[in-house]
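Trainee: I would like to go through this model step by step. Where should we begin?

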Amino acid sequence: MNLVAFKILLHDKAKYVALVLGVSFATLLISQQSAIFHSLMHASTRDILEANQADIWVMKSSVETLDQGYPIAELSVNRVRSVPGVQWAVPYYQSTAQLRTEDGRMKLVQVIGIDDLSMVGAPQEMLIGTLDDFDQPDAIVMDIAGYTNIFPGVAPQVGAIVEIGQRRAVVVGICYIGASWSGMPRVYTRRSLGVSMARETLNPVTYVLARAASEHSPEEVAKQITKATGLKARTRAEFMDDTRTWILKYSGIAENFGITILMGVVIGVAIVGQTFYMFSVENLKQFATLKAIGINNWVILRMIMTQALFVSTIGYCLGIGAANLFFAMTSTQLSGGLRGMFMHPLIFVGSGIFIVLVTLLACVVSVRKVLTVDPAVVFRG
Amino acid sequence: MSVICKDVKMAFKTAAGSVSVLKGVDFVAPAGMLTMLVGPSGCGKTTLISLIAGLLRGASGSMQVFGHEVSSMSASMLVPYRLKNIGFIFQQYNLLAGLTASENVAVPLVASGFDWPSALAKGKALLDTLGLGAHANKLPSQLSGGQQQRVAIARALVHSPKLLLCDEPTAALDGQAGQAVMTLLRDLAVAEDRAAIVVTHDPRVYSFADRVVHMEDGLISKVESVSSQKHPVDPHSTSH
Ligand SMILES: Nc1ncnc2c1ncn2[C@@H]1O[C@H](COP(=O)(O)OP(=O)(O)OP(=O)(O)O)[C@@H](O)[C@H]1O
Ligand SMILES: [Mg+2]
């Protein structure tokens with residue numbers, strides 16, 4: 001009888017299309033918004049992701065989130081190095097500074113000063129130039145999105161001369177960096193140079209990046225560092241968590257996306273539920289006829305479930321396909337806030353499960369009507 | 001063996017209280033005959049055949065259908081009872097809109113456990129013998145009312161039920177189409193081991209009956225036997 005169910009379902013093309021589009025729209029809304037939300041959260045930990053050689057971040061105890069590091073004394077690096085279980089520790093500098101182009105335009109940029117010797121935290125993906133170019137005088141490497149932002153309409157190239165914090169700087173390389181929370185252009189440089197750009201005098205270190213020796217767990221070493229130095233030490237994962245938590249707490253982004261996703265849910269339930277309900281009600285007489293002929297409720301239930309699963313599967317595939325097409329087109333961009341956005345596999349699976357549940361729920365509501373329909377109505381006009 | 005109803009009483013509960021619709025009906029529909037049930041609107045004809053079909057419950061009295069006591073069957077027993085024993089024909093045809101004529105005819109067979117291809121083949125064969133072969137692959141919306149009703153007759157009889165229940169089968173049709181439908185019913189439905197009950201308002205088709213049972217205000221008022229010579233049977237009538 002499932003074939004009969006398909007034929008009933010597919011007969012009213014307009015309603016079938018409405019059902020499928022309803023499901024795919026809800027899928028699109030839910031999965032895409034969830035993925036953007038997740039990607040933004042992911043982007044908020046950008047520098048931690050980039051400096052993936054380090055598994056421990058050491059900072060002033062008042063630091064709550066990645067972008068708000070405070071300067072600490074240079075001496076801290078050596079103190080961290082001397083903690084047992086630390087394989088290596090290097091300084092990392094991060095600040096914002098004013099950039100001024102030759103034609104006088106100003107931009108606030110994120111300056112990242114990396115350890116001259118180890119190059120820990122240096123860009124992973126150089127588009128133009130190499131890490132060796134950091135050794136050139138006044139060398140800075142800019143991320144491509146920042147470069148296009150500062151020099152609109154100019155093909156990315158090395159050689160541009162700018163002033164950062166009244167210090168001369170030459171673009172010697174261009175790198176790709178995924179979107180970050182602040183969205184500011186990123187300028188990578190040797191730490192010594194970065195410090196002078198931000199005109200930091202006393203404490204030219206923001207974080208100490210460290211790695212636990214292989215026989216020690218990062219958690220345990222982080223605790224030892226805090227004990228020995230009085231500084232806050234977080235593992236890479238913990239610091240990512242801290243940063244995301246801080247952003248969720250202070251930005252309103254969770255509420256914002258929460259509302260959109262909730263709207264997706266409501267629209268999904270409303271469209272799918274309503275259309276499916278209407279569909280079942282309009283086919284009530286056909287179902288009543290089947291019941292009169294002698295088809296039992298279980299078979300009818302199975303017919304309706306088959307219809308629902310069929311519609312939700314097709315709708316889900318279209319919706320998730322559209323969402324991923326969107327990301328395929330936007331995430332490969334070199335600049336723009338959507339660059340590097342992606343859909344986590346859990347969102348894939350989760351929105352699928354959710355959509356099937358919504359459709360089955362809609363189904364249960366309309367099924368009640370079908371199962372309780374008095375087959376005696378078949379004799380009434 | 002046949003349909004035998006004794007002292008059937010049925011009341012509906014309404015806002016205004018309980019309304020007695022059947023007030024002690026004694027009714028017989030013998031196998032091998034076409035029994036017409038006629039009477040004014042609201043006298044309880046549909047109620048009576050709904051009870052016989054087990055679509056309505058709650059009547060008192062006895063209703064024997066080929067040996068089954070319908071009123072003592074549980075709801076879950078009634079479903080397979082209908083599937084096996086009863087063919088239905090409705091005023092509005094009630095064909096499934098998404099299914100072709102032959103698929104519609106196949107439905108009772110599929111529901112009885114036939115696989116789809118063989119049910120479909122049987123459905124098609126039956127339509128062929130009814131002269132509807134050319135319409136086998138059409139959807140109900142592509143057929144005239146009379147054609148739809150003849151497809152419905154095929155659907156009602158494809159699984160050889162013992163009892164055929166028709167409620168106003170010609171009411172939605174013009175005179176000519178009505179005659180064609182009744183001719184087909186007469187030819188096909190009346191069989192040795194089958195009872196056919198046709199509820200109708202339409203005096204133009206009385207002549208197709210073997211027996212005419214008159215009902216009035218919830219009671220049987222008169223039973224007429226019609227001599228079989230009177231049937232205007234035309235062996236070629238199924239071809240149009
Ligand atoms: N479910 C119901 N609830 C209440 N009253 C009902 C119900 N079904 C039928 N009736 C009433 O029972 C009476 C008989 O109805 P029934 O449909 O059996 O008449 P009928 O002889 O088939 O009439 P018609 O020729 O117009 O089809 C009518 O007065 C009708 O209003
Ligand atoms: Mg009636």
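Mentor: Begin with a term: a polar contact is a pair of N or O atoms within 3.5 Å; within protein, one must be able to donate a hydrogen and the other to accept it, and residues adjacent in sequence count only if both atoms are side-chain atoms. The model is predicted: local features need pLDDT of at least 70, side-chain atom pairs count only at pLDDT 80 or more, and totals for chains, interfaces and linings use all residues. Residues are numbered from 1 along each chain as its sequence is written, chains are lettered from A and ligands numbered from 1 in the order in which they are written, and side-chain values use heavy atoms, leaving out hydrogens and water.

Trainee: How far is an oxygen atom of ligand 1 from a polar backbone atom of B:C43?

Mentor: Two side chains can be listed beforehand. B:T47 has a side-chain N or O atom 2.5 Å from an oxygen atom of ligand 1, and B:K45 has a polar side-chain atom 2.8 Å from one. For the backbone of B:C43, the distance is 3.3 Å.

Trainee: Which chains surround ligand 1?

Mentor: A residue is near a molecule if one of its heavy atoms lies within 4 Å of it. There are 13 residues around ligand 1, and those that come nearest include B:S41 and B:G42. The site is shared between chains, because its residues come from chains A and B.

Trainee: Which residue stands opposite B:S2?

Mentor: Strands are DSSP runs (E, at least two residues), numbered from the N terminus, and two of them pair if DSSP finds at least two bridges between them. In chain B, strand 1 (residues 2-14) pairs with strand 2 in the antiparallel sense over 11 bridges. In strand 2 of chain B, the residue opposite B:S2 is B:P30.

Conventions: Helices (H or I, at least four residues) and strands (E, at least two) are DSSP runs, numbered from the N terminus.
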